[in-house]
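Reader: I would like a close look at a single part of this structure. Please take me through one helix and what surrounds it, and then say how the chains sit together.

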Protein chains: 2
Amino acid sequence: MNAARIGVNYTPRRGWFHAWQHLDPGEIREDLTQIAGLGLDHVRIFPLWPLLQPNRTLIPPQSVQDVLTVADLAGEQGLDVSVDLLQGHLSSFDFLPAWVSTWHRRNIFTDPDVVAAQHTLARVLGTELAQRPHVTGMTLGNEIGQFARPDHPDREQLSPAQATAWTADLLRTVEGLWPDGRHHHSFDDAVWFTDEHPFTPASAVELGASTTVHSWVFTGAAQRLGAHDPGLALFGRYLIEVADLWHRLLDVPSARRIWLQEIGAPTPWVRPEDAAQFADASLRAALAHPRVEAATWWCSHDVARSLADFPEVEYTLGLFDEAGRVKPIGEAVARIAAELREGATDPENPATVGPRVSSSAASGSVPSGSGSAVSDRSASGGSESVRSASRSAPSGAEPGQIRVPRIALDGSDRSVLAPRGEVFRTWIDAALTTGPARLEPTPG
Amino acid sequence: MNAARIGVNYTPRRGWFHAWQHLDPGEIREDLTQIAGLGLDHVRIFPLWPLLQPNRTLIPPQSVQDVLTVADLAGEQGLDVSVDLLQGHLSSFDFLPAWVSTWHRRNIFTDPDVVAAQHTLARVLGTELAQRPHVTGMTLGNEIGQFARPDHPDREQLSPAQATAWTADLLRTVEGLWPDGRHHHSFDDAVWFTDEHPFTPASAVELGASTTVHSWVFTGAAQRLGAHDPGLALFGRYLIEVADLWHRLLDVPSARRIWLQEIGAPTPWVRPEDAAQFADASLRAALAHPRVEAATWWCSHDVARSLADFPEVEYTLGLFDEAGRVKPIGEAVARIAAELREGATDPENPATVGPRVSSSAASGSVPSGSGSAVSDRSASGGSESVRSASRSAPSGAEPGQIRVPRIALDGSDRSVLAPRGEVFRTWIDAALTTGPARLEPTPG
């Protein structure tokens, strides 16, 4: 495998994403310098749709310039940049322009005028970004599929065919003007686990330059396993296994990679004092998977407590605190970044941090009870957390793989893989005893 | 009466209200210079709530500064300024911050946290504005009551008592920190005509420094009378009579004045070639009413055709076109402004343009079929449009007054005065034959 990349989702320290409204390049540079200082190699950046396109046919040049400014400031720090197009959804807040709201409510995935405007925005922004070697590509929008999730309070109604068409069409526009970029779409884990979600696993694994995965233990895993459970640090890896299962179910090209595009350590599901170890274990487990090309932590900077109404979990996800001081979790991620760099410089030893788990875990920094000892199946050693006796070992599974029930390829029963199901529990139990297993389709 | 004032609702020529996003003082100055050049004496300005308060506890200093900049640029042109706080609603678009939308949906009139934030915004903005002698006061939000209208697609549920409390409380906050300002609240005509509207006529005539009226013929009058009907130019005056009726019904102090805060000439209900005459007739009819203290035209500048999704009527309401050229309607309003100034300089002849109607109408500029000849009941002369014979004169009404059925003081049957009712038709017919009549309550 190629060297995996490690980066962070950039949340401006001062003003969060409202920083876009009156962009201060000096403040942005300071943040990005801190990020680069951790040895990370890339950032995702997230402009706000209502600022980029306040009217359906108005894209203020200054708003475009602001995105370019942030991208270029990141480039100056040696960071690669991926730009998310339509926000859309960020940390519980939905940012929608007035021209798709209330009296102007229109389906953002199927209304022809809205979709045409999105393509225009993609072209305007993409044309500028494509000229910048430090910008690697575009994601259509951060978890934009949330607007079609069955539990969304203002859910957009659309069919799976329409969701797939929206994604494919917009990717085609971006790819057409920026053929050497790597372009993606993204979603929360509902795409893998919610039967009636119009965005399907097929669209996830067949469209875009690679398959993206967003790992949040509060969406079900923590409720199932319990807060502070060592298994939570394996949820990201589980999602990667789910994505990889769908790769095989749908026979996608074997070269297709997986981008763990978001993963974070949310309090109180993860104790603040365990966050660094959670990050270490989560990232090692994820990056050890041969299909994983990159992991991008959520997020760079804590949300300032002076900002209201965020879910409590969202305030403390940063690698830096709201004063800009690096947190232990930032140091943990920096250590992994350093290991990846070392591996990457050695052509005989392409970087995978998997084998490094044991030495790191042996360093004594492992809080008791935390799931630090995630040994990859390819790793020759490593300490293991032994689960309590009340948890049974997976039954009927061959070592290193877990067979899953037959799954409809249209995703209509995909929830069998959700955290509330038995596959997840079996997988977690096995992972904590013998290491992360591959999910094997039932033949036929 | 004191000299009535005449002004305009300021719609930035370039970018409409999206101009706030990246404010260009040079462009704003150019617009305001044009407005002052018409001889108008005041403007209303409309910041956007999501830009002023992107998070419940974040009021970007630059956003506040932008409001002050526009206010001061207007002051430099000799214009008085009234600032609308919460937009809220503008020309069919609703601008709501993310923290009251979708996952964060909360009632903007009754949720304690939302209301507290609105008071904070009022204090922050009001404290700065109060120091400026050219700023006359604040309106709580442009037609903010629309969010509680029964036909709003995301209607806020609240009782009349809650609506009144919200209005009174927020006015009290503004009045407390800015006692010498004149502060208002505003609504579309649903407050006068929609029985189940929680914002009531009582709140309209009892709260704020004066009673505000917004006159739009497309809300019912034009549907009743027909496009191009001469009676449409009297709709603003009718609303003033309705407000004045409620003054008497609710026994408000006799000194209470009425501000015709919005009135416009919407195509196609008013033909473009008739717009100047419509403005002339509308304003003369309104300003002739002894309770009217000011009229504020909607709007200063046409909406650029490059901006999408406005209702067709909204594009051509300006006194200036989208290239910044004064339109005939701008010249018509300027003539009235000049007459008011002349009257105002003569202490023996306090300005009311009512008596000037006849001479103006006699100048030959009256398009045939348009309702130019609005003679006020206090005017000694003036030409009259004779209605077609198919319209009967008001029956059973004494000259100069029209008796209305008993009306519940809580507004629960206020729709008896709506354009679809008989009172309106009777009043219009009388106004076009013998002049605008006073609406008289049924005693008892």
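Author: What follows takes one helix of chain B first and then the contact with chain A. The model is predicted.

The helix is α13 of chain B, residues 422-434. How far apart should the ends of its 13 residues be? At 1.5 Å a residue the expected span is 18 Å, and the end C-alpha atoms lie 18 Å apart, so the two agree.

Which residues of α13(B) are buried? They are Val423(B), Phe424(B), Thr426(B), Trp427(B), Ile428(B), Asp429(B), Ala430(B), Ala431(B) and Leu432(B). Among the elements of chain B that cover these buried residues are the helices α8 (221-225) and α9 (235-249), along with the strands β10 (401-403) and β11 (438-440). After α13(B) comes Gly435(B), with a positive phi near 105 degrees.

Now the contact between the chains. Chain A contributes 30 residues to the contact and chain B contributes 30 residues. On the side of chain B that touches chain A, α2 (49-52) and β5 (93-94) of chain B each provide at least two residues. The residues of that side comprise 13 nonpolar, 12 polar and 5 charged.

How is chain B laid on chain A? A turn of 180 degrees with a shift of 0.0 Å along the axis does it, at an RMSD of 0.0 Å. This is the relation of a two-fold axis. Both copies use the same surface, since 100% of the contact residues of chain B recur in chain A. Among the residues of chain B, Gln21(B) comes closest to the rotation axis, its C-alpha being at 3.6 Å.

Conventions: Residues are numbered from 1 along each chain as its sequence is written. Chains are lettered from A and ligands numbered from 1 in the order in which they are written. This is a predicted model: local features need pLDDT of at least 70, side-chain atom pairs count only at pLDDT 80 or more; totals for chains, interfaces and linings use all residues. Two residues are in contact if their C-beta atoms, placed from the backbone, lie within 7 Å. Helices (H or I, at least four residues) and strands (E, at least two) are DSSP runs, numbered from the N terminus. Ala, Val, Leu, Ile, Met, Phe, Trp, Tyr, Cys and Pro count as nonpolar, Asp, Glu, Lys and Arg as charged, and the others, Gly among them, as polar. Copies are superposed by least squares on the C-alpha atoms of residues with pLDDT of at least 70 in both. The expected span of a helix is 1.5 Å times one less than its number of residues. A residue is buried if 20 or more other C-beta atoms lie within 10 Å of its own, exposed if 12 or fewer, and partly exposed in between; C-beta atoms are placed from the backbone.
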